[in-house]
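Colleague: I have a chain open on my screen and would love to walk through it with you. Shall we take its links, strands and helices one by one?

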Amino acid sequence: MLEFPGGNMASTKTKLAAVVAAILAVSAAGAAMAEPAAASWLDNTEKLRVEKTGGGKLGKANYALGEFTGVGGLTVVRTSGFSVLEGAYSSVKKKYDNRFTVLLPGQTEHVDVTCTGGQARAGLTWVAFKRSKLAYHCDYVGGGVPAGTAFDLALSEPGFMKSLEQPQRAGEFILGDIVLKAETRQVDTKLISSPTVLGYVFSRGGVDVCAISFAGWKKTIYLPKAGDPNRTACALLALSLNFFNDLGNL
């Protein structure tokens, strides 16, 4: 039995309890040091929202996303047309063309962005396409972006269980030598099921780097922190999806 000389039984019990508590605390601290909690990639991002800075309703007004500014997307609704994806044509009831501008840091000329349904670039071999229901394509011109900057999005078929969680989309954004893959994934919430898209996660080379969440009352964008080489590409892609009128969400 562990004894403490010069004390009564109550004092001994108190001291014994203090020793046990100290041992347990040291043990817990050692375990925490041995197995640190895995940091989420979201810890390396800045949480932002597209804010209106003047003009009319957001979507046709001046906006800001951190240091990125511009004029929100002008939407043209067409009641008839054709959808084309890798040579497969089908009629569509509605077609949305979005146009917006982005002023990149250090530039004096805006990037002109034109996004439309019904056109897509062949070659997204990593996406299992669901043809004829959705094809979304964006071109980016001027404002310091290289020629060929583009984004393509389509319905994808990742599996039955994923489809139950939310509608599935997948796409690819190219900005010079930066290629971002966009896939529908929940970002800051975990719902069992949703009839609309909850969010997208963007990855580069298999590593998640940024995201946009549609959960809640306002869209939230997660950009890499200032100085990260992926920040501009992530901002352009996130804005393209922020202004996107997804037919599957209407």
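Colleague: Which cysteine forms a disulfide with cysteine 115?

Modeller: Happy to start there, and please keep in mind that this is a predicted model. A disulfide is counted when two cysteine sulfur atoms lie within 2.5 Å. The sulfur atoms of this pair are 2.0 Å apart, and the partner of cysteine 115 is cysteine 138.

Colleague: Is the link of cysteine 115 and cysteine 138 right-handed or left-handed?

Modeller: The angle to look at is the one about the S-S bond, which is 110°. Both cysteine 115 and cysteine 138 are buried. With that angle, the link of cysteine 115 and cysteine 138 is right-handed.

Colleague: Where do the two cysteines of the other disulfide, 210 and 234, lie?

Modeller: Cysteine 210 and cysteine 234 are joined with an S to S distance of 2.0 Å. The angle about their S-S bond is -75°, making this link left-handed. The pair ties together parts 24 residues apart in sequence, because cysteine 210 lies in strand β15 (residues 207–213) and cysteine 234 in helix α3 (residues 231–242).

Colleague: What pattern do the disulfides of the chain follow?

Modeller: By the distance rule there are 2 disulfides. One joins cysteine 115 to cysteine 138, and another joins cysteine 210 to cysteine 234. Counting bonded cysteines along the chain, the pattern is 1-2, 3-4.

Colleague: How many of the 12 residues of α3 are buried?

Modeller: Let's look at the helix itself. From first C-alpha to last, α3 reaches 16 Å, close to the 16 Å expected at 1.5 Å a residue. Its buried residues include Arg231, Cys234, Leu237 and Asn242. The helix is largely enclosed by the rest of the structure, because the buried count is 11 of the 12.

Colleague: How many bridges join strand β11 to β12?

Modeller: Strand β12 (residues 169–175) is mostly covered, with 6 of its 7 residues buried. In the pairing with β11, alanine 154 has alanine 170 of β12 as its bridge partner. Strand β11 (residues 150–155) and β12 run antiparallel, and the number of bridges joining them is 6.

Colleague: Which residue takes a positive phi in the hairpin of β12 and β13?

Modeller: β12 and strand β13 (residues 178–184) pair in the antiparallel sense over 6 bridges. Leucine 175 stands opposite isoleucine 178 in β13. The hairpin has 2 residues between the strands, and the one with a phi near 60° is glycine 176.

Colleague: Which strands are the edge strands in the open sheet of β2, β3 and β4?

Modeller: This open sheet has 3 strands in the order β2-β3-β4, with antiparallel pairing. An edge strand here pairs on one side only, and that picks out β2 (51–55) and β4 (68–71).

Colleague: By how many degrees are neighbouring strands of this sheet turned against each other on average?

Modeller: We ignore direction for this value. The average for neighbouring strands of this sheet is then 20°.

Colleague: Which residue in β4 stands opposite alanine 64?

Modeller: Strand β3 (residues 61–65) and β4 pair in the antiparallel sense, with 4 bridges. Within β4, the residue opposite alanine 64 is threonine 69.

Notes: Residues numbered from 1 in each chain as written. Predicted model: local features only at pLDDT ≥ 70, side-chain atom pairs only at ≥ 80, totals over all residues. Heavy atoms only, no water. Buried < 20%, exposed > 50% of the residue type's maximum accessible area, 1.4 Å probe, protein only. Pairing = 2+ DSSP bridges. Expected span 1.5 Å × (residues − 1). Axes fitted to C-alpha atoms, helices over the stretch in contact; angles between N-to-C directions.
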